[in-house]
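User: Could you take a close look at one part of this structure for me, the place where the two chains meet? I'd like a connected walk through it.

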There are 2 protein chains.
Amino acid sequence: MASGALPPLRSRVAPLPPDLVLPPVVHTRDSAIDAAVSEQLLLTGQPAHAYGRLGDLSQQMARIRAGTAWSAEPPQLLVFAADHGLADEGLSDEPQTTTGQRVMDLLAGRTPVNRLARQHGVALTVVDAGLGHALPPLPPPDAMQATLQLRKIAYGTRNARLGPAMSVPQAVAALHAGMDLVRQLPGDVLMLGDTAVANEGSAALLLSRLCGVPLSDAFAPGMLQMMETEPALWQKRLDVLLAVGTRHRHAVGPVAALAALGGYEIAMMAGAMLQAASQRRLVLLDSVAAGAAALIARGLVPAVGDYLVFAQRSAETGHRLMLIHLQAQPLLDLDMRVEQGLGCLLAWPTVLAARRLLESGVQ
Amino acid sequence: MASGALPPLRSRVAPLPPDLVLPPVVHTRDSAIDAAVSEQLLLTGQPAHAYGRLGDLSQQMARIRAGTAWSAEPPQLLVFAADHGLADEGLSDEPQTTTGQRVMDLLAGRTPVNRLARQHGVALTVVDAGLGHALPPLPPPDAMQATLQLRKIAYGTRNARLGPAMSVPQAVAALHAGMDLVRQLPGDVLMLGDTAVANEGSAALLLSRLCGVPLSDAFAPGMLQMMETEPALWQKRLDVLLAVGTRHRHAVGPVAALAALGGYEIAMMAGAMLQAASQRRLVLLDSVAAGAAALIARGLVPAVGDYLVFAQRSAETGHRLMLIHLQAQPLLDLDMRVEQGLGCLLAWPTVLAARRLLESGVQ
């Protein structure tokens with residue numbers, strides 16, 4: 001009190017695992033590009049600010065490409081599938097086998113995601129990041145409507161109430177697998193989707209841990225859900241998450257939190273974002289799990305945020321809070337809770353329009 | 001005080017002009033259709049509510065068509081151009097000649113609207129609803145990138161500060177012209193756009209009058225505008241609108257308010273909505289002026305609301321309030337202030353996706 005000097009803040013930055021290899025990512029800010037974009041927008045006969053977020057998106061895309069043309073390769077949608085040990089605690093209305101079923105639906109082309117991807121010329125890859133069960137027999141190769149990549153790190157995460165969801169080496173392996181997948185894909189637009197029963201709980205734990213948001217807000221039900229699910233059940237689920245958070249209270253760095261609280265789909269999405277950003281690709285994401293992956297990726301390499309475009313906002317309080325922490329303004333306001341990248345596909349025409357805005361007036 | 005009985009509410013419903021012909025519009029609610037939609041959505045492997053507003057839109061579209069197939073005709077975008085006498089009061093940063101310039105840009109195919117319309121296969125028609133000046137020589141017919149419809153009711157509205165913007169017969173003529181235009185167009189999807197310098201003031205006056213919103217809220221600047229425009233100038237503009245509102249305080253019914261405070265583009269959009277709804281067409285709209293037209297159309301025939309889909313929300317307080325009064329949840333959250341139907345074109349792929357959602361699983 002008397003001295004007036006505050007003690008130095010204790011750094012909460014945990015040392016990174018020595019075998020984690022992070023690709024270099026550079027910030028995209030460039031005032032020369034911004035000036036060129038404003039000039040180009042003026043050619044459309046409207047002041048640049050009249051385009052609102054569409055104009056902001058044009059600017060972000062111009063910054064990402066920094067003068068190089070967009071490739072003619074199709075955009076790539078990666079849907080990461082994994083199971084969560086936390087589902088054993090009754091965190092979801094859906095049985096855990098739903099994850100595998102969704103993968104089969106995607107492979108057989110039975111979902112709106114397949115239809116929209118085909119329509120927009122988007123290449124679809126489904127990744128087994130850590131499904132809890134073996135997949136049933138696949139459709140014959142000529143009937144497969146998506147590429148399947150087998151990158152299983154384990155048969156689902158462990159139940160985080162009983163111990164860390166994964167070991168740190170497993171978390172690092174999943175991050176590296178995400179990077180490797182993107183390295184092997186062509187194109188300069190990456191869309192990220194996921195399908196994983198109960199991963200909203202994992203995403204809420206990561207939001208709470210990495211941004212200091214109370215768990216009761218990070219896992220608050222949306223208006224609609226509150227009407228669907230009885231409050232007692234919701235409280236029971238929140239109590240599970242509170243117990244998990246307390247158990248792993250020392251897991252504070254991005255990799256430590258990921259290992260203790262995360263899922264394999266979240267880890268691989270974080271790795272995929274890092275690799276895509278290092279290659280100056282635009283990354284489109286939509287779900288709360290992808291948002292959690294963005295928090296981890298940004299925690300590891302802050303510049304990655306410059307490459308992210310957020311497709312949609314759902315009705316959940318946690319998703320809204322997460323987007324604020326990510327300083328993200330999503331394009332669509334659809335309250336969807338479908339994952340699998342459907343929001344990315346719905347937002348894609350708007351992204352294309354922003355890109356083409358800079359070509360207007362030239363014709 | 002002693003009797004306890006309140007005096008009966010004085011009806012504010014003004015009699016309609018006897019020569020106004022309103023087409024019949026029926027409500028679309030149908031629980032059999034709703035049940036069929038829910039079942040169809042379940043076939044996609046997700047619960048219906050997971051689709052949020054996309055699912056709501058599917059339902060609305062199924063209700064509108066009521067079992068009949070969507071036509072193969074292209075969607076029709078009508079852009080209504082008109083000038084406002086109120087612009088003389090310095091309500092806009094842009095000179096009034098901008099309206100005519102925008103029309104020329106649309107006809108010559110120089111705008112992002114032309115580009116997007118072409119890309120989505122949308123037929124574009126520009127309507128001279130009441131331009132204040134004669135158009136310069138048009139491009140040669142083979143270079144015209146949009147159809148031009150000459151439906152001028154007058155050379156701009158009168159300055160509403162000095163008298164009614166239009167006479168009641170002029171308002172009726174504009175409503176009928178809007179209906180007639182739609183009657184002559186094919187297809188079952190109508191998009192409405194507008195270009196009219198200073199029509200935000202007219203829209204704010206109509207919102208205030210028809211919904212009881214204080215003018216200072218209906219014409220409040222958005223966050224962004226507040227930074228661009230000095231508060232004193234904003235207050236000066238608001239004072240103009242307050243004077244106009246006071247002068248026409250007895251114009252309370254939808255047609256009387258339209259005549260006193262409106263614009264020709266607003267009147268024609270209202271007529272177009274009524275006709276489209278009576279033919280069970282879906283109507284997509286995006287601007288604050290189109291919202292004002294929706295208030296008038298709904299005031300005349302309440303069922304018209306069942307056919308409206310709102311494309312986007314801008315940053316202005318007035319637009320947000322208007323959407324709440326219209327019970328509308330727009331699809332895009334882009335803060336755009338470009339008019340001319342650009343928001344409709346950007347939202348169109350999402351509308352198409354909602355329509356196709358009901359075709360999933362069938363393949």
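Here is a walk through the contact between the chains, with a short stop at the sheet afterwards.

Analyst: Sure, and bear in mind that this is a predicted model. Let's start with the overall count: 43 residues of chain B are in contact with 43 residues of chain A. Together the two chains bury about 3,800 Å² between them, and carbon and sulfur atoms give 49% of that area.

On the polar side, 18 residue pairs are in polar contact across the interface. The interface also has four salt bridges. One of these joins the side chains of B:Arg313 and A:Asp333, at 2.8 Å from N to O. As for what chain B brings to the side that touches chain A, the elements giving two or more residues are α2 (52-65), α4 (112-120), α8 (223-228) and α14 (342-357) of chain B. Of these, α14(B) gives the most, with seven residues.

Now zoom in on A:Gln46, which sits in the loop between α1 (31-42) and α2 (52-65) of chain A. Leaving aside neighbours within four places in sequence, A:Gln46 is in contact with A:Leu41 and A:Tyr51, and also with B:Arg102, B:Val338 and B:Gln340. A:Gln46 counts as buried because its relative accessibility is 6%, under the 20% cut-off.

Finally, the sheet. Chain A has an open sheet of six strands in the order β3-β2-β1-β4-β5-β6, with parallel pairing. Its edge strands are β3 (147-150) and β6 (308-310) of chain A, and the twist averages 25° from one strand to the next.

Technical notes: Residues numbered from 1 in each chain as written. Chains lettered and ligands numbered in written order. Predicted model: local features only at pLDDT ≥ 70, side-chain atom pairs only at ≥ 80, totals over all residues. Heavy atoms only, no water. Pairing = 2+ DSSP bridges. Helix = DSSP H or I, 4+ residues; strand = E, 2+ residues; numbered from the N terminus. Axes fitted to C-alpha atoms, helices over the stretch in contact; angles between N-to-C directions. Buried < 20%, exposed > 50% of the residue type's maximum accessible area, 1.4 Å probe, protein only. Contact = heavy atoms within 4.5 Å. Buried area = accessible area lost by both parts, 1.4 Å probe. Polar contact = N/O pair within 3.5 Å; in protein donor to acceptor, adjacent residues only side chain to side chain.
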